[in-house]
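Hi,

Here is the structure I promised to pass on to you. Have a look at it first, and then read my notes underneath.

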Amino acid sequence: MTDPAARRLLLVHAHPDDESINNGATMARYAAEGAGVTLVTCTLGEEGEVIPAALAHLAADREDRLGAHRAGELAAAMRELGVTDHRFLGGPGRFRDSGMMGLPQNDRENAFWHAQTDTAAAHLVAVVREVRPQVLVTYDPHGGYGHPDHIQAHRVATRAAELAGDGGFRPDLGAPHTIAKIYWNRVPRSVAEEGFARLRAAGDVFPGVASVGDVPGVVDDAEITAEVDGTAYAERKAAAMRAHATQIAVDGPFFALSNDLGQPLLTTEYYQLVHGTSGAPAGVRETDLFAGTVA
């Protein structure tokens with residue numbers, strides 16, 4: 001890397017659109033503040049359901065051209081967020097979307113779920129050693145909601161963080177680097193409940209309303225260790241989500257996936273620190289993921 005930013009954030013996600021839903025405001029804020037923001041997406045999202053009828057022909061069970069289209073949506077979303085460093089793990093199409101848990105797609109030879117963890121992690125080690133981030137953001141061990149690719153993204157990100165700091169592992173991939181802080185994406189239960197209360201009060205925004213249980217990563221408020229206020233970047237997050245038009249419908253401060261069930265669009269985003277030392281006093285949530293780190 002030439003002239004790297006002093007603060008460097010790496011996010012690892014399973015499919016195009018996951019980054020905008022989970023971290024869009026965080027990414028836009030840090031990019032605007034001059035931090036280095038790198039997104040690694042593990043698959044092209046080939047198995048996603050398509051919302052617009054005019055694009056239904058792209059789906060995996062028809063023309064199977066959704067992956068390339070979603071790569072374009074992701075590029076458009078990154079422009080909205082101001083993020084210029086985005087990579088697909090191992091290159092575009094190296095690992096295929098595995099579909100929902102229990103489907104035959106899980107067992108395809110090139111499915112991400114089917115990949116050997118260390119093999120996939122080596123691709124990410126190369127990115128870590130190049131970018132040298134202080135902070136990594138990914139999913140919890142359940143992948144937020146149990147999707148096989150989200151679970152695998154957690155495993156691969158966690159293993160890559162371990163291997164990147166091991167000087168004996170693949171020296172050809174660059175000099176070792178230890179990531180100072182690792183966070184999981186989270187949503188406080190109280191915030192989710194309040195968001196759904198606003199949605200119900202707004203009336204018939206979507207045909208139905210999702211439930212708190214449908215939101216990935218919801219946990220008791222006490223488990224949240226960091227919150228990033230991205231309200232100044234609310235429109236950028238919404239625009240990035242709208243860019244993923246095959247997957248997301250946005251209506252004001254709410255959105256729905258292909259099931260047409262409304263959810264709140266959160267512009268303060270929440271995290272749980274699982275590796276490293278908090279930069280805030282005991283019992284106080286961090287407001288900056290880089291708190292306590294050094295360049």
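Leaving aside its neighbours within four places in sequence, which residues is Asp 149 in contact with? Keep that one in mind while I go through the whole protein; one thing to know at the start is that this is a predicted model.

**The whole protein**

The secondary structure comes to 6 helices and 12 strands. If you draw a box along the principal axes, the C-alpha atoms fill roughly 55 × 45 × 35 Å. Is that what a compact globule would look like? A better way to put it is: what radius of gyration does the protein have? The answer is 18 Å, which agrees with the value near 19 Å that a compact globule of 295 residues would have.

Of those 295 residues, 52% count as buried. The chain also brings together parts that are far apart in sequence: taking contacts between residues at least 6 apart, 78% join residues at least 24 apart. On the outside, the protein exposes about 12,300 Å², and carbon and sulfur atoms supply 51% of that. As for charge, there are 25 positive and 39 negative side chains, with the centres of the two sets 4 Å apart.

**Back to Asp 149**

You'll find Asp 149 in helix α4, which covers residues 148-164. With sequence neighbours within four places left aside, its contacts are Ala 14, His 15, Thr 43, Arg 96, Asp 97, Ser 98, Gly 99, Phe 112 and Trp 113. Asp 149 counts as buried because its relative accessibility is 0%, and the cut-off for buried is under 20%. Its side chain makes a polar contact of 2.5 Å with the side chain of Ser 98. Try finding Arg 8 too: Asp 149 and Arg 8 are 141 residues apart in sequence, and their C-alpha atoms are 25 Å apart in space.

**Two threonines**

Thr 43, one of the contacts of Asp 149, is in the loop between β2 (36-41) and α2 (66-81). Thr 43 is buried, with a relative accessible area of 1%. A polar atom of its side chain lies 3.1 Å from the backbone nitrogen of Gly 45. Beyond four places in sequence, Thr 43 is in contact with residues including Pro 16, Phe 88, Phe 95 and Phe 112.

Thr 41 sits in strand β2. Is Thr 41 buried or exposed? At 0% relative accessibility, Thr 41 counts as buried. Its side chain and that of His 86 are joined by a polar contact of 2.9 Å. Among its contacts beyond four places in sequence are His 13, Leu 74, Arg 87 and Leu 89.

**Two positive phi angles**

Most residues other than glycine have a negative phi. With that in mind, look at these two.

- Asp 17 is not a glycine, yet its phi is positive, at about 105 degrees. Asp 17 is in the loop between β1 (8-13) and α1 (18-32), and counts as buried at 7% relative accessibility.
- Arg 132 is not a glycine either, and has a positive phi of about 60 degrees. Arg 132 is in the loop between α3 (117-131) and β4 (135-138), and counts as partly exposed at 27% relative accessibility.

Cheers

Technical notes: Residues are numbered from 1 along each chain as its sequence is written. This is a predicted model: local features need pLDDT of at least 70, side-chain atom pairs count only at pLDDT 80 or more; totals for chains, interfaces and linings use all residues. Side-chain values use heavy atoms; hydrogens and water are left out. Helices (H or I, at least four residues) and strands (E, at least two) are DSSP runs, numbered from the N terminus. The radius of gyration is taken over C-alpha atoms; the globule rule is 2.2 Å times the number of residues to the power 0.38. Buried means under 20% relative accessible area, exposed over 50%, partly exposed in between (1.4 Å probe, protein chains only). Contact means heavy atoms within 4.5 Å. Accessible areas come from the Shrake-Rupley method with a 1.4 Å probe; for residues, only the protein chains shown count as cover. Lys and Arg count as positive and Asp and Glu as negative; His and the chain ends are not counted. The place of a charge is taken as NZ of Lys, CZ of Arg, CG of Asp or CD of Glu. A polar contact is a pair of N or O atoms within 3.5 Å; within protein, one must be able to donate a hydrogen and the other to accept it, and residues adjacent in sequence count only if both atoms are side-chain atoms.
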